[in-house]
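Below are some notes on the model you sent, set out as numbered points. They take up one polar contact, then the aromatic rings, and then the enclosed space.

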Amino acid sequence: MVIQWYPGHMAKAKRQVTEQLKKVDVVFELVDARIPYSSRNPMIDEVIQQKPRVVILNKKDMANLAELEKWATYFAEQGFYPVAVDAKHGKNLKQVEQAAIKATEEKFARERSKGLKPRAIRAMIVGIPNVGKSTLINKLANRAIAKTGNTPGVTKQQQWIKIGKSLQLLDTPGILWPKFEDQLVGKKLSITGAIKDSIVHLDEVAIYGLEFLRAHDYDNLVKHYNVDVSQDDDNIAWFEAIGRRRGLLQRGNEVDYEAVIELIINEIRNAKIGTYTFDIFSEIERDYFG
Ligand code: GDP
């Protein structure tokens, strides 16, 4: 399902998440490990405020691990508790509970000193669509709880799911909108599948992806498509060569550019060529953190 975000709709989503946040001790902010900046909601700090936060970098299996380290360091410096996971294959999930314990240590120490009884840590997941919220809930719970797919807003009765020894997770994630203003962010959201019906033109998304791979993984790109193209050739030459090699032709033996665009986007999106983190920390720091 494609969510259309309108101002009224955004305000409602924010209000609902803010309301749910009152029930929890810690927030799990879920981001895509391939785009740890671009996959964050633009108002997330305003929404979460001072509540203890575990930043979960999901889809680790499709990301660049050296870049992930840098992002984890950055999030830790912000006072958050970062963990990188692969929710789909259930990797590293134990660390989520451990991070939640650390993030709430002070709060629970305060409760103990006031004589309050020990209790489970309450948590909820927040993130933009398609970042893996439902997949993570289901894996943590070890059963199918959350429907994968998206319904913004909260319609059903919410329940707590027991996870590990010390955690209770709200079964309904908070869904917030992605960043819309920035064209480059839009391309990154599209190339990773966060936005399916792109607000950016698909030819631009394919070109963005191709240029990223040409700059960062050239040898592997050439090998993957088995094409005879040089670094100096333009994107059209690449589209031509890939189209011919894969037999994506139209009448008159012309390359079917739309098919090539779709192929490139799908193969990058599904990590068929390699694993990448498109938000390179040093670039994001230079361009956005000021
Ligand atoms: P939600 O909209 O945030 O609830 O996202 P979903 O849980 O529906 O996941 C969106 C897509 O990402 C689905 O196709 C999942 O299988 C996939 N996905 C989720 N987590 C991971 C992961 O860690 N690795 C990979 N490779 N795919 C994932």
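1. The side chains of Glu 267 and His 224 are joined by a polar contact of 2.9 Å, in what should be read throughout as a predicted model. Glu 267 belongs to helix α11, which covers residues 257-269, and with a relative accessible area of 13% this glutamate counts as buried, because the cut-off for that class is under 20%.

2. Aromatic pairs number 18 when the whole structure is searched. One of these joins Tyr 74 to Phe 289, and the pair is stacked, with 4.9 Å from centre to centre and 10° between the planes. Since Tyr 74 is part of helix α3 (residues 65-77) and Phe 289 is part of helix α12 (residues 281-289), the pair ties together parts of the chain that are 215 residues apart in sequence. The two partners are placed as follows: Tyr 74 is buried, at a relative accessible area of 12%, whereas Phe 289 is partly exposed, at 29%.

3. A second pair worth looking at is that of Tyr 276 and Phe 278, whose ring centres lie 6.1 Å apart and whose planes meet at 50°, so the pair is classed as tilted. Tyr 276 and Phe 278 are both buried.

4. Which residues do ring pairs link into a cluster? The cluster consists of Tyr 37, Trp 71, Tyr 74, Phe 75, Phe 281, Tyr 288 and Phe 289, and the stacked pair of Tyr 74 and Phe 289 described above therefore has both of its members in this cluster.

5. Two arginines should be viewed together with the rings they face. Arg 53 lies over the face of Phe 80, at 3.9 Å from the ring centre, while Arg 122 lies over the face of Trp 160, with 5.9 Å to the ring centre.

6. Turning to enclosed space, a search of the whole structure gives 2 cavities of 30 Å³ or more, and the second largest cavity has a volume of about 40 Å³. Its lining is made up of Glu 29, Leu 30, Ser 39, Arg 40, Asn 41, Ile 44, Val 126, Gly 127, Ile 128 and Leu 176. Strands β1 (26-32) and β4 (121-127) each contribute at least two residues to the lining of this second largest cavity. By residue class, the same lining divides into 5 nonpolar, 3 polar and 2 charged residues.

Technical notes: Residues numbered from 1 in each chain as written. Predicted model: local features only at pLDDT ≥ 70, side-chain atom pairs only at ≥ 80, totals over all residues. Heavy atoms only, no water. 1 Å grid on protein atoms, 1.4 Å probe; cavity = no way out; pocket = protein on both sides within 12 Å on 5 of 7 lines; lining within 4 Å. Points joined across faces, edges and corners; volume = space filled by probe spheres on them. Helix = DSSP H or I, 4+ residues; strand = E, 2+ residues; numbered from the N terminus. Nonpolar A, V, L, I, M, F, W, Y, C, P; charged D, E, K, R; others polar. Phe/Tyr/Trp six-rings, centres within 6.5 Å; stacked < 30°, edge-to-face > 60°. Buried < 20%, exposed > 50% of the residue type's maximum accessible area, 1.4 Å probe, protein only. Lys NZ or Arg CZ within 6 Å of the ring centre and 35° of its normal. Polar contact = N/O pair within 3.5 Å; in protein donor to acceptor, adjacent residues only side chain to side chain.
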